[in-house]
Amino acid sequence: MAVALIILAAGKGTRMNSELPKVLHRLAGVSLLAHAVGLGRAVEADKIVVVAGYGADFVREEVEKLGSDVEIVLQDQQLGTGHAAGCAAQVLAGFDGDAIVLLGDNPFIRPETITEVLAARASGNDVVAVGFEANNPAKYGRLILQDGGALAAIVEAKDADEAERAVSLCNSGIICAKSSVLFDLIGQIGDDNASGEYYLTDVVALANARGLKSGVVICDESETIGVDSREGLARAEGLFQDRARARALENGVTLSAPDTVFFALDTVIGRDVIIGANVVFGPGVTIENGAEIRAFCHLEGCHISQGALIGPFARLRPGAEISADAHIGNFVEIKNSVVQNGAKINHLSYVGDADIGARANIGAGTITCNYDGVMKHRTEIGAGAFIGSNTALVAPVSVGAGAMTGSGSVITQDVPGDALALSRSKQVNRPGFAAKFMARLRAVKDLKDKG
Ligand code: UD1
Ligand code: MG
């Protein structure tokens, strides 16, 4: 059965107190929307549709970044979750499969829960809602069960009577039905309720009135944690990081100070990797087995191979490819560059848009001058080359295999393999000059001090 995921993301998120729509706030390095889309991909959804409204232009930009498999539809006015889900009908017309509605601000739903929902659908339920036993049910919709466990209705807290409010089985917000059935039911929803909104949750009672069957999948309350405020976002971040740290430790990663290491949603770390204190992972980092990341590194969009040694105090930016046994030391920044096996860039360097050959040694303070103010250019360093300290490599430029540059050189022309390139003024020594010069300066100062 084909599956479509409809992500509701039109709300403003008033309590975020932000110019940005709520779903664009970041958790574990990526937007809440990226978490929801990631869930869709994890369950191999055939279609992913985002319903945008508040800040739709910003949401569209993010959707475009997330990939061409994600579609966006607009909900001009936020008239309720039922109305929002209904907006997806335009892109799902003729879609022959199940549609799952997901709230865009619930980043902890596990793929396994969605798989259970699909299984519950396949086993004869026309509508499936995901519920949880709430510690404090106050604001949630209540799942009202029939004898025998089928779902009779979902009643919003504001509309519930006393007996219904006493129910602790609550609505997570996820609802699934065959796409055509869902949109058909949504077409019947009215707004005659305490909020004057079109409640998606009404599809359950409407389905039952038609003689269709509704069922419940239960998940853990921790999966349903949503983000409503900055405080909630910070709490969600803490929760995510706690879990990611625990998972890393279980997977054979050494964390010398787990509470100070921050992972992104998609961080991949191999076995026997050692990570020091205060390391931050942005999105898109993969580290192979046995690499070491020393304290105070910031890594994003990079790949680090087996046995490489990074930091302390290194910054790897998108497109940094660090091959096996390479060393990247303190105060080194690398962007969009390949550092081949065993190469060393150990101190105070900027390497951008460069290819660094195997076992090359890049001296302290080397800078690839990759940007001319308009365009970026590449620097090629051959295998085993030795770049002297404080070399400026003005790209586009290449240094051949086994070549050297004298320290302090500004290299503007290609250097052939095995050559030594020197581009600095020749040193002149003037015997005794310094002593005479200083004496003269002191005499001038003495005269001034005496007035
Ligand atoms: C909803 C459920 C409630 C459930 C709770 C779980 C309904 C009617 N109620 O209530 O049963 O217990 O979630 O958190 O579904 N949105 C739109 N367009 C709209 C309205 C909402 O896109 O017109 C989006 C919001 O951006 C948000 C999500 O839908 O991401 C949920 O909306 P919200 O207003 O927070 O619903 P709740 O009242 O929390
Ligand atoms: Mg809500």
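How far from an oxygen atom of ligand 1 does a backbone N or O atom of Ala10 lie? The answer is 2.9 Å. Keep in mind as you explore that this is a predicted model. The chain is divided into two parts, domain 1 (2-224) and domain 2 (250-421), and this briefing visits the ligand, the domains, the nonpolar cores and one loop residue.

**Around ligand 1**
- Ligand 1 is surrounded by 20 residues, and the closest are Gln75, Gly80, Thr81, Glu156 and Asn171.
- Besides the backbone of Ala10, look at Gly141: one of its backbone N or O atoms is 3.0 Å from an oxygen atom of ligand 1.
- Leu79 joins in too, with a polar backbone atom 3.2 Å from an oxygen atom of the ligand.
- On its own, ligand 1 would expose 750 Å², and the protein buries 80% of that area.

**Two domains**
- Measuring between C-alpha centres on your screen, you should find domain 1 and domain 2 lying 44 Å apart.
- Where the two domains are in contact, domain 1 supplies 5 residues and domain 2 supplies 4 residues.

**The nonpolar cores**
- The largest nonpolar core has 56 residues, and Leu299, Ile304 and Ile322 have the most contacts inside it.
- Several elements give two or more residues to this core, among them the helix α9 (230-250) and the strands β19 (302-304), β22 (320-322) and β34 (397-399).
- The largest share, 5 residues, comes from α9.
- Both domain 1 (2-224) and domain 2 (250-421) give residues to this core, so it lies between them.
- Ile322 is a good residue to click on: leaving out residues up to four places away in sequence, it touches His303, Ile304, Ser305, Ala308, Ile310, Leu316, Ile328, Ile334 and Val339.
- A second, separate core has 39 residues, including Ala9, Ala36, Val63 and Leu66.

**A closer look at Asp272**
- Asp272 sits in the loop between β13 (268-269) and β14 (274-275).
- Is Asp272 buried or exposed? Its relative accessible area is 53%, so Asp272 counts as exposed, since the cut-off for that word is over 50%.
- Setting aside neighbours within four places in sequence, Asp272 still has contacts with Gly252, Gly290 and Ala291.
- Asp272 and Ala291 are 19 residues apart in sequence, yet their C-alpha atoms are 7.4 Å apart in space.

Note on methods:
Residues numbered from 1 in each chain as written. Chains lettered and ligands numbered in written order. Predicted model: local features only at pLDDT ≥ 70, side-chain atom pairs only at ≥ 80, totals over all residues. Heavy atoms only, no water. Core = buried A, V, L, I, M, F, W, Y, C linked by side-chain atoms within 4.5 Å. Buried < 20%, exposed > 50% of the residue type's maximum accessible area, 1.4 Å probe, protein only. Helix = DSSP H or I, 4+ residues; strand = E, 2+ residues; numbered from the N terminus. Domains from an automatic or database assignment. Contact = heavy atoms within 4.5 Å. Near = heavy atom within 4 Å. Polar contact = N/O pair within 3.5 Å; in protein donor to acceptor, adjacent residues only side chain to side chain. Areas by Shrake-Rupley, 256 points an atom, 1.4 Å probe, with all protein chains shown as cover.
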